[in-house]
Every structure is written in C-alpha cells, then in structure tokens.
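Hi everyone, thanks for making time. I'd like to walk you through a structure that's new to most of you, so have a look at it while I talk.

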Amino acid sequence: MARQQERARRTRAAIIRSAAVEFGKSGYAAASLNRILEGSRATKGAMYFHFDSKEDLARAVLEAAVDRYRASTERWLARTDLGPLDVLHGMIDEIALRLENDIIIQAEFRLIIEPEFYRDIQAGGGRILGRAIRQLAVKAAEHKQLRADSDPDRFTRTLAAALAGQRYIADVLAGPVDLRARFAEALEVIVDATSTPEWTEEFRRVGWRVSAKLEDLNLGL
C-alpha cells in the first residue's frame, strides 16, 4: 500500500511538472494535454485519476506555486541575523532566481495573466510576497532603516508593481535580461527614496549583505 501511494504521488508530481512546462511555454488556452502526458510519461488514465480537467491541472500548478512562495517568504522572514532591508533583498532575490529557474513559478506567472485565472491573482504568490514586503517595511521603520514617516502600504504597492513590471519587460526585450539585477535595482531606487541617512550611508559602504543561492532552492515537487 505504501509503495502504491508513493508511486501515485510521484506520478501526480510528474504530471504537474510537465503541465508547468507546457503552460509556461504555451499558455493555458494553447496548452496540449497530449504534450503534458508525453512529458510526464503518464497514461491518460493516470492523469484523469488525479485531475478532472485541464483547468484542474492548471490550478494544481498554481497551488504548487503558492506553496513555494509561502516557503520562500517564511524562510526569509525567520532570519534573525539580518536587518529587515537585507532580508527583503534576499527574499526578492530568491523570487527572481525562481522566476529564472523554477518551472512552477514560471508557469504561475504565465497562468495568472490568462483571462481564466485573473481572479487567482488575489490568492496567488504575489499576494504572499506583498504581505511579506509590508511586514519587512514596518520592521525597517521600527529599526530606523526607513524613515518614521514612510508609509508601508505605499512602499509595498510601489515595490510590488516595480517587480512585476520588470518581469513583464523581461519578456518583451530582445536578448537575455538579468532579472536579479533588475529586481535589486527596483528595490534600491525605492529604498533610496525612503531610507534614513544613517542606513543609506551604511549601505553605500557595505552594500547588500546576502543574496539567494540556487542550491538552497527546492525545485522538485
């Protein structure tokens, strides 16, 4: 029984990964269930045992992405060895790294701009990231890294929009784009407008204290 359950779990995970690749490349409407099956090496019967439809499969990909956003933000928020703004930099650097390398996160980004999934934006990875950004903005003000009159909601809206914009721009520009550098640039511009002179002086001397590492990411299911 345990062996059968593990085999079923692996089959489901393989189908989700293959679906993420297909949705990421083709979008939702043009995605082919046959190509998903070929990529997963599962049977049609196995796919319909786990998923009722293509929409059900897409939502499983979205749920997997939410789990990854949650795991990433919670891990960074738990750091006590860094100041809030360094934690924020590390966290969004990891999101950029995932957008470059994680097929589940890449697929979620493609799916949520499809009309069928507009409403999922409200419960998706972006919302989890936004809550974490706001929490760190509040802490940064408490630690006198951001000015006392800084507005955490305005900070969060502006940064979240800048990050999303950089990701969209990466799709339309010719040639490779260093998304991690673009995310760091967006953060630095916004922080520079709201940080205290003391933090700004220190940052100009030492820069960011931490960055994300690819080997620290769990890219499997």
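**A patch, a crossing and the whole chain**

Let's start on the surface, where I169, V172 and L173 make a nonpolar patch of about 270 Å². Keep in mind, by the way, that this is a predicted model.

Take L173 from that patch. Where does L173 sit? It's in the loop between α8, which covers 152–172, and α9, which covers 179–194. L173 has a relative accessible area of 38%, so it counts as partly exposed.

Okay, on to the helices. Helix α1, residues 2–26, packs with helix α4, residues 54–77, and their axes are 9 Å apart. The angle there is about 95 degrees, which means α1 is roughly perpendicular to α4. And who makes the contact? On the α1 side you've got R12, I15, I16, A19, A20 and F23. Over on α4, the partners are K54, L57, A58, A60 and V61.

Now let's zoom out. The protein chain has ten helices and zero strands, so to speak an α-only readout when you follow the pattern along the sequence: α-α-α-α-α-α-α-α-α-α. Its C-alpha trace spans about 60 × 40 × 30 Å along the principal axes.

How much of the chain is buried? Of its 221 residues, 45% count as buried. The accessible surface comes to about 12200 Å², and carbon and sulfur atoms hold 50% of that.

One last number, on contacts: taking those with a separation of 6 or more, 72% are between residues 24 or more positions apart.

Key:
Residues numbered from 1 in each chain as written. Predicted model: local features only at pLDDT ≥ 70, side-chain atom pairs only at ≥ 80, totals over all residues. Heavy atoms only, no water. Patch = residues over 30% accessible without salt bridge, like charges linked within 9 Å, V, L, I, M, F, W, Y side chains within 5 Å. Areas by Shrake-Rupley, 256 points an atom, 1.4 Å probe, with all protein chains shown as cover. Salt bridge = Lys/Arg side-chain N within 4 Å of Asp/Glu carboxyl O. Helix = DSSP H or I, 4+ residues; strand = E, 2+ residues; numbered from the N terminus. Buried < 20%, exposed > 50% of the residue type's maximum accessible area, 1.4 Å probe, protein only. Axes fitted to C-alpha atoms, helices over the stretch in contact; angles between N-to-C directions. Parallel < 35°, antiparallel > 145°, perpendicular 65-115°, else oblique. Contact = heavy atoms within 4.5 Å.
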